[in-house]
Amino acid sequence: MATPPVAPASASATAEQAFRAFDRRAAQPGVRAYPFDPSHTRFGFELRTRWGQRVQGQFPVYDGVALFLPDGRRQVRIRLAAGAIDVAGSERYAAIARSEAFFDAEHYPDIEFVSEPHDDLLTREGGLLQGVLRMHGTTRAETFVVAPALCDRAGQDCDAIASGSVDRSHYGIAGMRLVLSDRVRFTMRVRLDGPAR
């Protein structure tokens, strides 16, 4: 059996630095931190079976924060609880998703993403949101697509919407390969609450 490709050690180390840099930036003077509004924010994922059917799930337990930086840029960090995954209301499918065959929530309870600092233009006009994803014990650079805003202040007066697909084999998630495709599509609709500080 072929070994799943993983990020080179140097790339992984650089990716881990992104999480530490976010924490340092969040503590700097003049940075405003906005938590996510749970009444509007939603995170989900989607896989396809080898027969073209879609399997959709949700991450009902999460936390996250958006930083508004003094230079006008923004940065987000998201943490999803793999152990709370819900799959189309089916406990059987949810148990499979949480199991060692897939996200392995017992050993890797969180899926985390931190974006690179980006200009507000991305939030308003849409485009590519680059950042680092940590999942199943592996950290890699990934890119998500932000949809054009439906209001003047996306994420505040209306949802900020983004999505993107990753190859689960890159993260060592090799279970059920005969049934499910390699691509996992993540979706997010984010609305911010009032500033945390």
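# Close-ups of a predicted model

**View 1. Nine aromatic pairs turn up in this structure.** Keep in mind that the model is predicted. Let's start with one pair, phenylalanine 45 and phenylalanine 59: the ring centres are 5.3 Å apart and the planes meet at 50 degrees, so this pair counts as tilted. Phenylalanine 45 belongs to strand E2 (residues 42–48), while phenylalanine 59 sits in the loop between strand E3 (54–58) and E4, so the pair ties together parts that are 14 residues apart in sequence. Are phenylalanine 45 and phenylalanine 59 buried or exposed? Both phenylalanine 45 and phenylalanine 59 are buried. The two also have company: Phe45, Phe59, Phe102, Phe103 and Phe186 make up one aromatic cluster.

**View 2. Phenylalanine 113 and phenylalanine 144 make an edge-to-face pair.** A quick reminder of how to read such a view: a pair of aromatic rings is described by the distance of the centres and the angle of the planes. For phenylalanine 113 and phenylalanine 144, that comes to 5.0 Å centre to centre and 80 degrees between the planes. Phenylalanine 113 is in strand E7 and phenylalanine 144 is in strand E9 (residues 138–146), so here the pair ties together parts that are 31 residues apart in sequence. Phenylalanine 113 is buried, with a relative accessible area of 5%. Phenylalanine 144 is buried too, at 2%.

**View 3. Arginine 134 lies over the face of phenylalanine 19.** Look for the ring of phenylalanine 19 and then for the arginine above its face. How far is arginine 134 from the ring centre? The distance is 3.9 Å.

**View 4. Eleven strands line up in one open sheet.** Follow the order E1-E4-E5-E7-E8-E9-E10-E11-E2-E3-E6, and you'll find that the pairing is antiparallel. Which strands stand at the edges? They are E1 (32–35) and E6 (86–87); each has a single partner strand, so one side of each is left without a neighbour in the sheet. If you're wondering what links neighbours like these, strands of a sheet pair through backbone hydrogen bonds, either parallel or antiparallel.

**View 5. Strand E5 pairs with E4 and also with E7.** Seven bridges join E4 (residues 62–68) to E5, and the two run antiparallel. One residue to spot here is alanine 66, whose bridge partner in E5 is valine 76. The hairpin of E4 and E5 has five residues between the strands, and glycine 72 in this hairpin takes a positive phi near 95 degrees. E5 pairs with E7 in the antiparallel sense as well, over five bridges. In that pairing, arginine 77 has valine 114 of E7 as its bridge partner. Seven of the eight residues of E5 (residues 74–81) are buried, so this strand is largely enclosed by the rest of the structure.

**View 6. Strands E7 and E8 pair over four bridges.** E7 covers residues 110–115 and E8 covers residues 127–135, and the pairing is antiparallel. Phenylalanine 113, the residue from View 2, comes back here: its bridge partner in E8 is leucine 133.

**View 7. Cysteine 151 and cysteine 158 form a disulfide.** How many disulfides does the count come to? The count is one. The sulfur atoms of cysteine 151 and cysteine 158 are 2.1 Å apart. The torsion about their S-S bond is about -85 degrees, so the disulfide is left-handed. Cysteine 151 is partly exposed, with a relative accessible area of 23%, whereas cysteine 158 is buried, at 11%.

**View 8. The largest cavity holds about 290 Å³ of space.** The structure has two cavities of 30 Å³ or more. In the largest cavity, 19 residues form the lining, and the closest to the centre are Val76, His118, Thr123, Ala160 and Val190. Which elements give two or more residues to this lining? They are E4, E5, helix H3 (120–125), strand E10 (160–167) and strand E11 (183–190).

**View 9. The largest pocket holds about 230 Å³ of space.** The lining of this pocket has 14 residues, and Val55, Tyr93, Ile96, Met176 and Leu180 are the closest to its centre. E2 and helix H2 (91–98) are the elements that give two or more residues to the lining. The largest share, four residues, comes from H2.

Terms used: Residues numbered from 1 in each chain as written. Predicted model: local features only at pLDDT ≥ 70, side-chain atom pairs only at ≥ 80, totals over all residues. Heavy atoms only, no water. Pairing = 2+ DSSP bridges. Buried < 20%, exposed > 50% of the residue type's maximum accessible area, 1.4 Å probe, protein only. Phe/Tyr/Trp six-rings, centres within 6.5 Å; stacked < 30°, edge-to-face > 60°. Lys NZ or Arg CZ within 6 Å of the ring centre and 35° of its normal. Disulfide = S-S within 2.5 Å. 1 Å grid on protein atoms, 1.4 Å probe; cavity = no way out; pocket = protein on both sides within 12 Å on 5 of 7 lines; lining within 4 Å. Points joined across faces, edges and corners; volume = space filled by probe spheres on them.
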